[in-house]
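Work through the following exercises with the coordinates open, and try each task before reading its solution.

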Amino acid sequence: MPALIDWSYIAAAILFILGLKLLGKQATARKGNLISAVGMLIAIVATLLVSGLHYQWIIVGLVIGSAIGAVAAQRVQMTAMPEMVALFNGAGGLASLLVGWVEYHNHPNQLLSAAIPTFLAILIGGVTLTGSVLAYAKLAEKVQSRPVLFPYQKMINAGLFLLVLLFGVIFCAHPAGSYPILLLLILLAFALGVLTVIPIGGADMPVVIALLNSYSGLAAAAAGFIIQNTVLIVAGCLVGASGIILTQIMCKAMNRSITNVLFAGFGASTSSAGVAVTGEAKAITPESAYFVLEAAAQVVLVPGYGMAVAQAQHVLRELADLLEANGAEVRYAIHPVAGRMPGHMNVLLAEADVPYEQLVEMDAINPTMATMDVAIVIGANDVVNPAAREDPGSPIYGMPIINVDEAGTVFVLKRSMASGFAGIENPLFFKANTRMLFGDAKASLQALVTEFKSS
Amino acid sequence: MILLIFIFILSAFLGFELIAKVPSQLHTPLMSGSNAISGITIVGALIAAGTEGGPVGTTLGVLAVIFATVNVVGGYLVTDRMLAMFKGKKK
């Protein structure tokens, strides 16, 4: 039987790797996810064959957990996907922490080779839990999403981290008599998770979620070292690596280093030392906008999170269909950090049945921007802010943006002149070729659709 | 122990290779899908919940199973729900 279990774990690891590989291509992604789920099922069934397990409590846990997970997965809105992934992440981190704790509880006479991963599983798992829950709260705007800064913050965080390391060393040196220290370490890890996420602004949450995703994998790998189980190590490490890569991609898309994202308290102050914005924003009515669009041959749509909040993705697609029927070529330009997690905008547009061939990445659309007759910006702000290109004093200077200002005419659909998630002024609104279409994004798009239909 | 560290390092390299070339439109499903894989800690949780460890040990074990299962079941289902929506142009 133990041999069968080991072989099953190898099979599970292979399926995880294959699944991840297939998940990386549009055509095979769904199959990849299924294959990885089969791998998980094999790992679970194989574990249940371990001799001497009592099943009654296992079944209780599996039933409750499956019910919660299934209901949550069915009910969640696509706009709330970042919050959901954050919570699932937190659950995984907590599970790894608990595995570390219970292993210690049952076998307190640990060798150093088990004590070190126990410390790591508890530390990383605890940080993942509270960090993810706080990221969830910030994304759902249950707490203030702006960075929270207080005096001596970095020193306090560094001090706390050193304290964790100190207690970690004490714990690893004498695990047997260190139960109180283990409990203290759990609390310190919780505190560390909160304190590291609290200075990070809402606009940087895509990076935080990717990083926490990586942590949840590393916590699982640490748990694998405790129970000497290779499938935990392999799977946890794969997730850890993928999370780090996504973190890097996100940072690159914002032209910031990971240390800048984590420690700079970006967007905490709204005072921009940059060039003062001059000029006046020019408003336009849907009727006049229609005449411009009616004559356009090349149209690019730039959706931002504001589109998702207004639930305007369906009416946006309706407008795109009408434009196409009118003979225009329509593309959607997607910024890598559009939405609130990596790739979020693509999911939202897919929900509205936008074919993925029409979605163009930033680097592909920018060289063609000058040939576009009209660019329509729907609820996007910072990702089309030319200050990133032109104003060295701007906090987002250097961040790659979608250069909509190079298009013939730019329509900006916006509720008011308020600044975006990052709290930065946008000179795009004052450019000569920009027209503001004020109002709720969905209502404005609806008005355009009506204009098209009634003509 | 050394062997486990060896496996860990090789898996890290494998992970970097697997993910580095994924197009950005798949990043959200990739993240939630890999998130579900991190629920593999359920293997440790099942063993913990099924081992005789007194009331405290069993309680912690069952909680671990619950949270790991939420991560696994929720993660895979929500990823599938997202991927089901990705469609190409119908001709």
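**Exercise 1.** Locate A:D353 between its neighbouring elements of secondary structure, and then determine the sign of its phi and its degree of exposure.

*Solution.* In this predicted model, A:D353 belongs to the loop that lies between α14 and β3 of chain A. The next step is the backbone: phi of A:D353 is about 65°, a positive value, although the residue is not a glycine. This deserves a remark, because most residues other than glycine have a negative phi. For the last step, count the C-beta neighbours of A:D353 inside 10 Å, which number 13; since a residue is exposed at 12 or fewer and buried at 20 or more, A:D353 counts as partly exposed.

**Exercise 2.** Carry out the analysis for A:E141: in which loop is it found, and is it buried or exposed?

*Solution.* A:E141 is found in the loop between α5 (112-139) and α6 (153-173) of chain A. Its phi is near 55°, which is again positive in a residue other than glycine. Within 10 Å there are 10 other C-beta atoms, and because the cut-off for exposure is 12 or fewer, A:E141 is exposed.

**Exercise 3.** Trace how β2(A) is joined to β1 and to β3 of chain A, and find the handedness of the unit that β2(A) and β3(A) make with α14.

*Solution.* Begin with β1 (residues 298-303) and β2 (residues 329-334) of chain A, which run parallel and are joined by 4 bridges; within this pairing, A:L301 stands opposite A:Y332 of β2(A). Continue to β3 (residues 359-361) of chain A, which runs parallel to β2(A) and is joined to it by 3 bridges, with A:E361 in β3(A) as the bridge partner of A:I334. Finally, add helix α14 (residues 344-351) of chain A: together with β2(A) and β3(A), this helix makes a β-α-β unit that is right-handed.

**Exercise 4.** Describe chain A as a whole, and decide how its radius of gyration stands against the globule rule.

*Solution.* The secondary structure of chain A consists of 17 helices and 6 strands. Its radius of gyration is 25 Å, close to the 23 Å that the globule rule gives for 455 residues, and chain A is therefore as compact as a globular protein of that length. Along the principal axes, the C-alpha trace spans about 75 × 50 × 35 Å. Of the 455 residues, 55% count as buried. To finish, consider the contacts in chain A between residues at least 6 apart in sequence: 79% of these join residues at least 24 apart.

Conventions:
Residues numbered from 1 in each chain as written. Chains lettered and ligands numbered in written order. Predicted model: local features only at pLDDT ≥ 70, side-chain atom pairs only at ≥ 80, totals over all residues. Pairing = 2+ DSSP bridges. Helix = DSSP H or I, 4+ residues; strand = E, 2+ residues; numbered from the N terminus. Right-handed = clockwise from strand over helix to strand, strands pointing away. Rg over C-alpha atoms; globule rule 2.2 N^0.38 Å. Contact = placed C-beta atoms within 7 Å.
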